[in-house]
Amino acid sequence: MRSTRIRTAKAAAAVVVAVPLALGGLASQSHAQDSSPSPSGTFGSGCSGLAQKADTAKDKVVEAASAYPQLSQLVSAVVRARLTDTLDGKPDITVFAPNQQAFQNVTASQLTSLLGDQGQLKKVLTYHVVDKQITPDQLSNGSFTTVEGSKLTTSGSGTDFKVNGKANIVCGNIKAANATIYVVDAVLQPPS
């Protein structure tokens, strides 16, 4: 009986160690709210829910995003706006990519209107793109000009960052061949 308890305790300890390692250390970083240094790898509480189909570091940004089921609505909108070649043709960009939850938080009439107006759709989508790679270190107090032409801001520390004070970065620093992707939980709107 005692040896069974010891084996069970060892197995439980192995799981406690293996799970964070299997997630690339994400579990240990996902709840950090202090002013610790910015992470060097992928970070965020939403990364574990962002199951990817393949390694995306060698893919251009639109193909890389399409490997994540949680970004399928964004990829569909990019294709509808005919922005695939534009985004894939840019070197070293940053994309603040709205996840499925972000699109679900937009009312059905707003989404229908947006998807039906290609000019407005391009404007909104290019507001999510910055024409340079942004590192996690730059997120704590950043102000960046988007491809759309307006500014967006980032704030936070450790692994807890916001865009424009509203959208949370739920998974950050995902690498694609020509981009860094930060998954956000809201669709960003350019200033009117």
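Begin by selecting P98: leaving aside its neighbours within four places in sequence, this proline is in contact with Q70, L71, L74, F103, H128, V184, A186 and V187. The model on display is a predicted one. P98 is found in strand β1, and it is buried, with a relative accessible area of 0%. Add A167 to the selection: the two residues are 69 residues apart along the chain, yet their C-alpha atoms are separated by 9.1 Å.

**The whole chain**

Next, display the complete chain as a cartoon. The secondary structure comes to 8 helices and 7 strands. Of the 192 residues of the protein chain, 42% count as buried. Among contacts with a separation of 6 or more, residues 24 or more positions apart account for 63%. If a surface is switched on, the accessible area of the protein chain comes to about 10,000 Å², and 53% of that area belongs to carbon and sulfur atoms.

**The largest nonpolar core**

Return to the interior and select V61, V78, L87, I93, L125 and V183. These are the residues with the most contacts inside the largest nonpolar core, which has 35 residues. The elements that each supply at least two residues of this core are α3, α4, β1 (93–98), α6 (100–104), α7 (108–116), α8, β6 (167–176) and β7 (179–184). Another core, of 15 residues, lies apart from it; to find this second core, select F43, L139, F161 and I169, which are among its residues.

**Helix α8 and L125**

Now centre the view on α8 (118–126). Which residues of α8 are buried? They are L121, V124, L125 and T126. What covers these buried residues includes α4, α7 and β2 (129–130). Select L125 alone and show its surroundings: not counting residues up to four places away in sequence, L125 touches L74, A77, V78, A81 and L83.

**A81 and R82, side by side in sequence**

A81 is the next selection. Its place is in the loop between α4 and α5, and it is buried, with a relative accessible area of 0%. Leaving aside neighbours within four places in sequence, A81 is in contact with Q118, L121, K122 and L125. Add G119 and draw a distance between the C-alpha atoms: A81 and G119 are 38 residues apart along the chain, and the separation is 7.8 Å.

Then select R82, which lies in the loop between α4 and α5. Is R82 buried or exposed? R82 is exposed, with a relative accessible area of 64%, whereas A81 is buried. The backbone of R82 also merits inspection: R82 has a positive phi of about 60 degrees although it is not a glycine.

**The largest cavity**

With the cartoon made transparent, select V62, L74, V78, L87 and V95. These residues lie nearest the centre of the largest cavity, which is lined by 13 residues. The count comes to 1 cavity of 30 Å³ or more, and the largest cavity has a volume of about 120 Å³. Which elements each supply at least two residues of its lining? They are α3 (61–66), α4 (72–80) and α8. Colour the lining by residue class: it divides into 11 nonpolar residues, 2 polar and no charged.

Some of the names here have appeared at earlier stops. V78 and L87 are also among the residues with the most contacts inside the largest nonpolar core. L74 is in contact with P98, and L74 and V78 are both touched by L125.

**Two loop residues to finish**

Move to P91, in the loop between α5 (84–89) and β1. P91 is exposed, with a relative accessible area of 59%, whereas P98, the proline at the start of the tour, is buried. Not counting residues up to four places away in sequence, P91 touches D131 and N178. Between P91 and D131, which are 40 residues apart along the chain, the C-alpha atoms are separated by 8.0 Å.

The last selection is N164, in the loop between β5 (160–163) and β6. At 26% relative accessibility, N164 counts as partly exposed, because that value falls between the 20% limit for buried and the 50% limit for exposed. Phi of N164 is near 55 degrees, a positive value in a residue other than glycine.

Terms used
Residues numbered from 1 in each chain as written. Predicted model: local features only at pLDDT ≥ 70, side-chain atom pairs only at ≥ 80, totals over all residues. Heavy atoms only, no water. 1 Å grid on protein atoms, 1.4 Å probe; cavity = no way out; pocket = protein on both sides within 12 Å on 5 of 7 lines; lining within 4 Å. Points joined across faces, edges and corners; volume = space filled by probe spheres on them. Helix = DSSP H or I, 4+ residues; strand = E, 2+ residues; numbered from the N terminus. Nonpolar A, V, L, I, M, F, W, Y, C, P; charged D, E, K, R; others polar. Core = buried A, V, L, I, M, F, W, Y, C linked by side-chain atoms within 4.5 Å. Buried < 20%, exposed > 50% of the residue type's maximum accessible area, 1.4 Å probe, protein only. Contact = heavy atoms within 4.5 Å. Areas by Shrake-Rupley, 256 points an atom, 1.4 Å probe, with all protein chains shown as cover.
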